[in-house]
Amino acid sequence: MNKEQKTQAIADLTEQFANSTFFYLTDASSLSVAQINNFRRLCFAENVQMQVVKNTLVKKALEAADESKGYAGLYESLTGPTAVLFTETANIPTKLLKKFRKANSKPVLKAAYIDSAIYIGDDQIEVLTKLKSKEQLVGEILGLLQSPAKNVISALKSGGSTIAGLLKTLEERAN
């Protein structure tokens, strides 16, 4: 790569990091070409973009980003071969990693950046798998907000038939 190509690669990566609130740094070294291609297919099917990049380019792209993003904690993970997984759903890449690693030893999770939180190490896969998407959280909140109203309505409906039955019984007794 010449200097111009490196500058362009850094600019492209900087833009991708700026547009992505979720990305993962993984190590897929020692996988065969066939295995890498299988993993790429899994990623593509789940709308996860995988890029194998040089650590120096990733670091420069992260350094070029706004400091408020807090990327500095990721720098220590930029050793050895690195593949970056860009995604729009926080937990999809970890589910892919778990699925793929049932038959393979890698890719190994180096670090993950999830909406300003940094997770370092492969032992974080279980935690990251349990993260919920924005849609799931909104659905749960709506369900919680609707729950009390549904309970009141059902209580009134069941209570209404009980009261009506009670009134009918009292009326019959009075006659």
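**Figure 1. Lys 106 and Asp 27 are both buried in this predicted model.** The side chains of these two residues meet in a salt bridge, with an N to O distance of 3.4 Å. The pair links distant parts of the chain, as the two residues stand 79 residues apart. Lys 106 belongs to the loop between helix H4 (92-100) and S4, whereas Asp 27 is part of strand S1. The structure holds 2 salt bridges, and the other one is the subject of the next view.

**Figure 2. A salt bridge joins Asp 122 to Arg 101.** The closest N and O atoms of this pair are 2.7 Å apart. Asp 122 lies in the loop between S5 and helix H5 (125-129), and Arg 101 lies in the loop between H4 and S4, so the contact ties together parts that are 21 residues apart in sequence. Asp 122 counts as partly exposed because its relative accessibility is 25%, a value within the range from 20% to 50% that defines this class. Arg 101 is likewise partly exposed, with a relative accessible area of 25%.

**Figure 3. Strand S3 (residues 82-87) is largely enclosed by the rest of the structure.** This description applies because 6 of the 6 residues of S3 are buried. On one side of the strand, the buried residues are Thr 82, Val 84 and Phe 86. On the other side, Ala 83, Leu 85 and Thr 87 are buried, and both faces of S3 are thus covered.

**Figure 4. Strand S3 pairs with S1 and with S2.** S1 and S3 run antiparallel and are joined by 5 bridges. Within this pairing, Tyr 24 stands opposite Leu 85 of S3. S2 and S3 also pair in the antiparallel sense, over 5 bridges. Here Val 52 stands opposite Ala 83 of S3.

**Figure 5. Strand S4 (residues 108-114) is mostly covered and pairs with S1 and S5.** Of the 7 residues of S4, 6 are buried. Strand S1 (residues 22-27) runs antiparallel to S4, and 6 bridges join the two. S4 is also paired in the antiparallel sense with strand S5 (residues 117-120), over 4 bridges. Tyr 113 of S4 appears in both pairings: Phe 23 stands opposite Tyr 113, and in S5 the bridge partner of Tyr 113 is Ile 118.

**Figure 6. Strands S4 and S5 form a hairpin.** There are 2 residues between the two strands. Asp 115, which is found in the turn, has a positive phi of about 45°.

**Figure 7. Four lysine residues gather in a patch of positive charge on the surface.** The patch consists of Lys 3, Lys 6, Lys 54 and Lys 60. One of these residues, Lys 54, is found in the loop between strand S2 (49-53) and helix H3 (55-64).

**Figure 8. Val 138, Ile 141, Leu 142 and Leu 145 make a nonpolar patch on the surface.** The area of this patch is about 380 Å². Ile 141, one of the contributing residues, is found in helix H6 (residues 134-174). Ile 141 is classed as partly exposed because its relative accessible area is 48%, and residues count as exposed over 50%.

Terms used:
Residues numbered from 1 in each chain as written. Predicted model: local features only at pLDDT ≥ 70, side-chain atom pairs only at ≥ 80, totals over all residues. Heavy atoms only, no water. Patch = residues over 30% accessible without salt bridge, like charges linked within 9 Å, V, L, I, M, F, W, Y side chains within 5 Å. Areas by Shrake-Rupley, 256 points an atom, 1.4 Å probe, with all protein chains shown as cover. Buried < 20%, exposed > 50% of the residue type's maximum accessible area, 1.4 Å probe, protein only. Pairing = 2+ DSSP bridges. Lys, Arg positive; Asp, Glu negative; His and termini not counted. Charge placed at Lys NZ, Arg CZ, Asp CG, Glu CD.
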